[in-house]
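Subject: The structure we talked about

Hi,

Here is the structure I promised to pass on. Have a look at it first, then read my notes below with the viewer open.

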Amino acid sequence: MTKEQWAVDLAQNINPANIKLDESLQQYTMTKLGGKADVFVLPETEEEAIAVIRYAHINNIPLLMLGNGSNMVVRDGGMRGIVVTFSHLDKIQITGDHVYAQSGALIKDVSKLAAASSLTGFEFACGIPGSIGGAMAMNAGAYGGEIKDIIISSKVLTKEGDILILSKEELELGYRQSSIAKKGYYVLSSEFQLAQGVQEEIDAKIADLTFQRESKQPLEYPSAGSVFKRPPGHFAGKLIQDSGLQGKGVGDAEVSTKHAGFIVNKGNATASDYIATIEMVQRVVKEKFGIDLETEVKIVGDDL
Ligand SMILES: Cc1cc2nc3c(=O)[nH]c(=O)nc-3n(C[C@H](O)[C@H](O)[C@H](O)COP(=O)(O)OP(=O)(O)OC[C@H]3O[C@@H](n4cnc5c(N)ncnc54)[C@H](O)[C@@H]3O)c2cc1C
């Protein structure tokens with residue numbers, strides 16, 4: 001079957017305006033790198049989301065779930081198969097101290113709405129540029145908080161397109177990991193338990209965390225955030241800094257001079273420049289300190 005046929009078949013259940021052939025993924029990823037998706041689909045309802053997942057499964061078509069693309073590097077040859085994003089499923093609802101958010105809702109919007117309702121617990125995530133789906137898959141965390149601390153449950157789809165409600169325990173949230181990532185589930189929505197807080201304290205915490213992020217992170221350049229996981233007993237950024245790698249890179253990809261854990265796209269980097277810079281960092285840190293740096297960012301797709 002051709003990609004054109006996939007698009008025709010998908011259009012039976014999904015608004016054709018939301019099915020795109022040969023769509024560049026650069027605009028959907030924060031590194032602004034990478035090639036095209038054969039077919040890119042943006043379902044608008046849970047029913048449409050289920051239809052995409054089932055179609056890919058039944059026809060054995062590779063499927064990539066993209067969130068807000070803030071932790072994803074797509075290689076220059078792009079993605080074969082279907083790339084789906086739930087960015088149109090972005091409803092957020094607050095009832096008392098309980099938050100419901102669909103997977104395409106942005107973490108920063110949930111954090112903002114929670115704060116506006118004087119709810120505390122979500123402040124740690126105010127500057128994480130991902131979606132709720134990506135945050136669930138990665139158990140996103142910052143400044144001593146993580147998704148695990150506030151999650152009640154998630155509604156997910158299995159690879160076959162069946163709905164499951166997973167409890168906190170069943171989500172198996174650990175450092176940048178979850179049963180969602182392990183088992184290949186697709187998050188539809190999540191529920192969080194927050195607590196009533198003091199408005200001034202919530203606002204002050206968000207202002208402080210925003211200041212810390214803006215002063216320490218190279219937010220002026222496209223990047224995927226911290227590229228590497230924290231190796232046990234160490235900080236990746238410190239190892240990279242102590243290896244003298246800041247400012248070094250391949251092509252227009254560079255280890256940030258502001259935050260050594262970030263690799264930035266200075267303008268015209270290719271995915272292959274970015275990945276070569278990742279590998280250069282891994283090689284040098286291994287030589288200097290004998291430590292293997294594992295990537296936190298997901299590298300997907302084909303080389304050119
Ligand atoms: C400037 C910057 C700062 C950052 N700071 C932090 C930080 O402080 N803390 C932190 O934890 N992260 C941070 N990140 C990384 C990133 O924002 C998080 O990992 C975020 O949770 C990823 O969400 P996303 O929607 O962008 O996911 P994507 O990058 O699109 O995808 C990441 C993974 O999640 C999966 N995924 C996405 N949506 C779903 C879904 N609906 N169902 C199942 N799987 C899904 C994808 O398949 C992929 O495997 C930062 C990134 C940047 C660029």
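Let's start with a sheet. Five strands form an open sheet in the order S6-S7-S13-S11-S12, and their pairing is antiparallel. The edge places go to S6 (92–95) and S12 (163–167); each has a single partner strand, so one side of each has no neighbour in the sheet. Going from one strand to the next, the twist averages 15 degrees. Bear in mind throughout that this is a predicted model.

Zoom in on the S6 end. S6 and S7 (residues 98–102) run antiparallel and are joined by four bridges. If you want one pair to click on, try Ile94, whose bridge partner in S7 is Val99. Helix H3 packs on this sheet, where it touches S6 and S7, and its direction makes about 25 degrees with that of S6.

Another helix visits this sheet too. H2 (residues 46–58) lies across S7, S11 (151–157), S12 and S13 (186–193), and it runs at about 55 degrees to S11.

Now for the other sheet. What is the order of its four strands? It goes S1-S2-S5-S3, again as an open sheet, but with mixed pairing. S1 (19–24) and S3 (63–66) are the edge strands here, each with a single partner strand, so each has one side without a neighbour in the sheet. The twist averages 35 degrees from one strand to the next. S3 and S5 (residues 79–85) run parallel, with four bridges joining them. Among the bridged residues, Leu66 has Thr85 in S5 as its partner.

Here H2 turns up again: H2 packs on this sheet and touches S2 (36–41), S3 and S5. The direction of H2 makes about 160 degrees with that of S5. Follow H2 along and you can find its contacts with S7 and with S5.

Back to H3, since it has a helix partner as well. How do H3 (residues 107–116) and H7 (residues 199–216) pack? Their axes are 10 Å apart, at an angle of about 155 degrees. Angles over 145 degrees count as roughly antiparallel, so that is how H3 and H7 lie to each other. On the H3 side the contact involves Ser111, Ala115 and Ala116, which meet Gln199, Ile202 and Ile206 in H7. Sorted by type, the residues of this contact are four nonpolar, two polar and no charged.

Last stop: the ligand. Which residues are closest to it? Out of 34 residues that surround the ligand, the closest are Met65, Ser70, Asn71, Ser131 and Gly141. Some backbone atoms are worth picking out. For Asn71, a polar backbone atom is 2.7 Å from an oxygen atom of the ligand. Gly69 has a backbone N or O atom 2.8 Å from a ligand oxygen atom. With Gly134, a polar backbone atom lies 3.4 Å from a nitrogen atom of the ligand.

Cheers

Note on methods: Residues numbered from 1 in each chain as written. Predicted model: local features only at pLDDT ≥ 70, side-chain atom pairs only at ≥ 80, totals over all residues. Heavy atoms only, no water. Axes fitted to C-alpha atoms, helices over the stretch in contact; angles between N-to-C directions. Helix = DSSP H or I, 4+ residues; strand = E, 2+ residues; numbered from the N terminus. Parallel < 35°, antiparallel > 145°, perpendicular 65-115°, else oblique. Contact = heavy atoms within 4.5 Å. Nonpolar A, V, L, I, M, F, W, Y, C, P; charged D, E, K, R; others polar. Pairing = 2+ DSSP bridges. Near = heavy atom within 4 Å. Polar contact = N/O pair within 3.5 Å; in protein donor to acceptor, adjacent residues only side chain to side chain.
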